[in-house]
Structure formats: structure tokens, C-alpha cells
Amino acid sequence: MDNGRNLFRYRTERSGKVVLDGGGVIDCLIRNISSGGVSLEVATPDKVPDKFTLTIQGMPDKHRCHVTWRTGNKLGVEYL
């Protein structure tokens, strides 16, 4: 699948958590995932900072992330 990206992304519908640096958590839905980042949806995108830690259901690692784009309630993030 060539979607103009350097990394292949897998479609998924996993639950995730945006963990805020100052405390607090925002639930999210992971829409696609690659080795370099994810696309996710949140109910309150304005509450998501540019940098945060992401946990994904069924995956043991926590990922430090940076938002690369925002459209409505969808965000594209890359792993730092």
C-alpha cells in the first residue's frame, strides 16, 4: 500500500490513553499505527498538548509522542 508515507500503517481500532505530563488522562481511539507513530481520535482534541505519553491497549510499551497534524477530532502523532 503506497499512501505517500515512508512507513506502512496498519488499520486498527484499539483503545488508548493520552497521558498528560501534569497528570490526567484522555481516552482515545487508535485508528492506524506504524513503527513511527499513530493516528488517533479524541473527544476533546483541544485538551491534547503537542507532547504527551501514549499507551495503547494490548501493547506493553509507553510512547512519548509529538502531534504532527490536527484535523477536527483526529490527530497524527509521531513517536519521539
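**Figure 1. The whole chain has the radius of gyration of a compact globule.** For 80 residues, a compact globule would have a radius of gyration near 12 Å, and the chain agrees, with 12 Å. The radius of gyration is taken over C-alpha atoms, and the globule rule is 2.2 Å times the number of residues to the power 0.38. This is a predicted model, in which local features need pLDDT of at least 70, side-chain atom pairs count only at pLDDT 80 or more, and totals for chains, interfaces and linings use all residues. Residues are numbered from 1 along each chain as its sequence is written, and side-chain values use heavy atoms, with hydrogens and water left out. Along its principal axes, the C-alpha trace spans about 40 × 30 × 20 Å.

**Figure 2. The chain holds six strands and zero helices.** Helices (H or I, at least four residues) and strands (E, at least two) are DSSP runs, numbered from the N terminus. Along the sequence the pattern reads β-β-β-β-β-β. Of the contacts between residues at least 6 apart in sequence, 40% join residues at least 24 apart. Contact here means heavy atoms within 4.5 Å.

**Figure 3. Surface and charge of the chain.** The accessible surface comes to about 5100 Å², and carbon and sulfur atoms account for 48% of it. Areas come from the Shrake-Rupley method with a 1.4 Å probe; for residues, only the protein chains shown count as cover. Buried residues make up 36% of the 80. Buried means under 20% relative accessible area, exposed over 50%, and partly exposed in between (1.4 Å probe, protein chains only). The chain carries 12 positive and 9 negative side chains, and the centres of the two sets lie 1 Å apart. Lys and Arg count as positive, Asp and Glu as negative; His and the chain ends are not counted. Each charge is placed at NZ of Lys, CZ of Arg, CG of Asp or CD of Glu.

**Figure 4. Asn 32 makes a side-chain polar contact with Arg 9.** Asn 32 sits in strand β2 (residues 25–33). Its relative accessible area is 15%, so Asn 32 is buried. The polar contact between the side chains of Asn 32 and Arg 9 is 3.1 Å. A polar contact is a pair of N or O atoms within 3.5 Å; within protein, one must be able to donate a hydrogen and the other to accept it, and residues adjacent in sequence count only if both atoms are side-chain atoms. Asn 32 and Arg 9 are 23 residues apart in sequence, yet their C-alpha atoms are 6.0 Å apart. Beyond residues up to four places away in sequence, Asn 32 touches Arg 9, Tyr 10, Arg 11, Thr 12, Gly 37, Val 38 and Ser 39.

**Figure 5. Thr 12 in strand β1 is in contact with Asn 32.** Strand β1 covers residues 10–19. Thr 12 has a relative accessible area of 18%, so it is buried. Leaving aside neighbours within four places in sequence, Thr 12 contacts Ile 30, Arg 31, Asn 32 and Ile 33.

**Figure 6. Thr 53 in strand β4 is joined to Arg 64 by a polar contact.** Strand β4 covers residues 51–56. The side chains of Thr 53 and Arg 64 are joined at 3.4 Å. Outside its neighbours within four places in sequence, Thr 53 is in contact with Lys 17, Val 18, Val 19, Lys 62, His 63 and Arg 64.

**Figure 7. His 63 is buried in strand β5.** Its relative accessible area is 16%. With neighbours within four places in sequence set aside, His 63 contacts Phe 52, Thr 53, Leu 54, Ile 56 and Tyr 79. Glu 13 is 50 residues from His 63 along the chain, and their C-alpha atoms are separated by 18 Å.

**Figure 8. Gly 58 and Asp 61 lie in the loop between β4 and β5.** Strand β5 covers residues 62–71. Gly 58 counts as exposed because its relative accessibility is 76%. Asp 61, at 48%, is partly exposed. Gly 58 and Gly 16 are 42 residues apart in sequence and 9.3 Å apart, C-alpha to C-alpha. Asp 61 and Asn 32 are 29 residues apart in sequence and 17 Å apart in space, also C-alpha to C-alpha.
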